[in-house]
Amino acid sequence: MKNLQHLVHKLKGMMKLPELDSFGKVLCVQPHPDDADISMGGTIAKLSQKGIRVYYVTVTDGSAGTRDESLVGKKLAEIRKKEQEKAAEILGVHELLWLDFEDLGDYTIEQVREKLIRIIRKIEPDAVFTVDPFAPYEVHPDHLRCGMSTAQAVSLYRLPKLVPGTSNHDVTAIGFFNTAFPNTFYPIEQEHLNRKFQAISQHKSQFDETSLQVLFSYLAEKSRAYSPVEGQLVEPFKVLPPVALHVISEAYML
Ligand SMILES: [Zn+2]
């Protein structure tokens, strides 16, 4: 097993991880309106500030995110779209794209993957971010399907078998948030964290004042806890080159 560490070290050298600041365009694929704001809102605020174009793709319409039966469906979907638009404006998101699959509906990974392949070919992002579908204990079906379909799209977007045509563009990285295996700790400033909180506050259908404060204190604590430097704020990600998404069984250690 001593040689395993050597192999991992070698793979890390071979698969040079790109710097987040070096990207021109970033695509964030989220299961519901609010997920990217919560998990990488500080990073998005900072990247946008640097002139990097951030695109959001929201896979579902968010229509199931309530205990109020009278709101479930179209009514809530419309409310959540508006909330996401306001939040995205605060973070400086360039464009919002909606796939409008039914929240907690019976759509498939393949259906989402096809749409994402078309989007990747059209937008040509340098990096694609999404929820980590390999996170232990993550059970939400929309999150699992979103993460897996995005990872598959990033791995297979050039193949005409899945969607006619191909692409000469190189996606250089996939970044997973809500991950148990972070390898990248992107530094943000207090102003970015404040902006993230302001963005999250727009999702009024999802949080009352008490749950919002609990979430903020978790996120503030988290941004300090993962930092390798005392006093620095970060957002943690698992960033991999797309080539690591197939056959490389050591990817979780990279
Ligand atoms: Zn979600």
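Is Asp35 buried or exposed? Asp35 is buried, since its relative accessible area is 9% and the cut-off for buried is under 20%. Keep in mind throughout that this is a predicted model.

I start with Asp35 because it sits at the zinc ion, where it appears twice among the protein donors, each time through an OD atom. The other donors are His32, through ND1, and His143, through NE2. The donors lie 2.1 to 2.5 Å from the zinc ion. Along the sequence, the spacing of the donor residues reads H-x2-D-x107-H. His32 is buried as well, with a relative accessible area of 7%.

What is the arrangement of the four donor atoms around the zinc ion? The arrangement is irregular, because the angles they subtend run from 55 to 145°. For reference, the ideal angle for four tetrahedral donors is 109.5 degrees.

Close by in the sequence is Asp34. Asp34 is in the loop between β1 and α2, the latter being residues 35-49. With a relative accessible area of 6%, Asp34 is buried. Asp34 is not a glycine, yet its phi is positive, about 115°. As background, most residues other than glycine have a negative phi.

Tyr137 is another non-glycine residue with a positive phi, in this case about 75°. Tyr137 belongs to the loop between β4 and α5. Is Tyr137 buried or exposed? Tyr137 is exposed, with a relative accessible area of 82%.

Next, helix α4, residues 109-123. How far apart should the ends of its 15 residues be? At 1.5 Å a residue the expected span is 21 Å, and the end C-alpha atoms are 21 Å apart, so the two agree. The span is counted with one less than the number of residues, which is why 15 residues lead to that value.

Several residues of α4 are buried: Val112, Arg113, Leu116, Ile117, Ile119, Ile120, Arg121 and Ile123. Note that the list includes Arg113 and Arg121. What do the buried residues of α4 pack against? They pack against three strands, β1 (25-30), β2 (53-60) and β3 (95-101), and against helix α5 (141-156).

After α4 comes Glu124, and its phi is positive, near 55°. Glu124 is in the loop that leads from α4 to β4, residues 127-131. Glu124 is partly exposed, at a relative accessible area of 34%. Apart from its neighbours within four places in sequence, Glu124 is in contact with Lys25, Ile119 and His169. Of these, Ile119 was on the list of buried residues of α4. To relate this to the zinc site, the C-alpha atoms of Glu124 and His32 are separated by 22 Å, and the two residues are 92 apart along the chain.

Now the loop between α5 and β5, where Thr172 lies. Thr172 is partly exposed, with a relative accessible area of 36%. Leaving out residues up to four places away in sequence, Thr172 touches Pro18, Phe23, Asp126, Leu240, Pro241 and Pro242. Thr172 and Pro125 are 47 residues apart in sequence, and their C-alpha atoms are 8.6 Å apart in space.

On to the inside of the protein. How many residues does the largest nonpolar core have? It has 69, and those with the most contacts inside it are Leu27, Cys28, Ile44, Phe129 and Ile200. In general, nonpolar side chains in soluble globular proteins tend to be buried together. Take Ile200 as a case: not counting residues up to four places away in sequence, Ile200 touches Asp37, Ile38, Phe207, Leu212, Leu215, Phe216 and Leu219.

Last, the aromatic rings. A search of the whole structure finds six aromatic pairs. One of them is Phe134 with Phe176, whose ring centres are 6.0 Å apart and whose planes are at 85°, so this pair is edge-to-face. Phe134 is in the loop between β4 and α5 and Phe176 is in strand β5, residues 173-177, so the pair ties together parts 42 residues apart in sequence. Phe134 is partly exposed, at 45% relative accessibility, whereas Phe176 is buried, at 1%.

A further pair is Phe181 with Tyr252, with centres 6.4 Å apart and planes at 75°, so it is edge-to-face. Phe181 is in the loop between β5 and β6 and Tyr252 is in the segment after β7, so this pair ties together parts 71 residues apart in sequence. Phe181 is partly exposed, at 29% relative accessibility.

Notes: Residues numbered from 1 in each chain as written. Predicted model: local features only at pLDDT ≥ 70, side-chain atom pairs only at ≥ 80, totals over all residues. Heavy atoms only, no water. Helix = DSSP H or I, 4+ residues; strand = E, 2+ residues; numbered from the N terminus. Buried < 20%, exposed > 50% of the residue type's maximum accessible area, 1.4 Å probe, protein only. Contact = heavy atoms within 4.5 Å. Donors = N, O, S within 2.8 Å, 3.2 Å for Na, K, Ca; no water. Tetrahedral: all angles 85-135°; square planar, octahedral: opposite > 155°, others 65-115°. Core = buried A, V, L, I, M, F, W, Y, C linked by side-chain atoms within 4.5 Å. Phe/Tyr/Trp six-rings, centres within 6.5 Å; stacked < 30°, edge-to-face > 60°.
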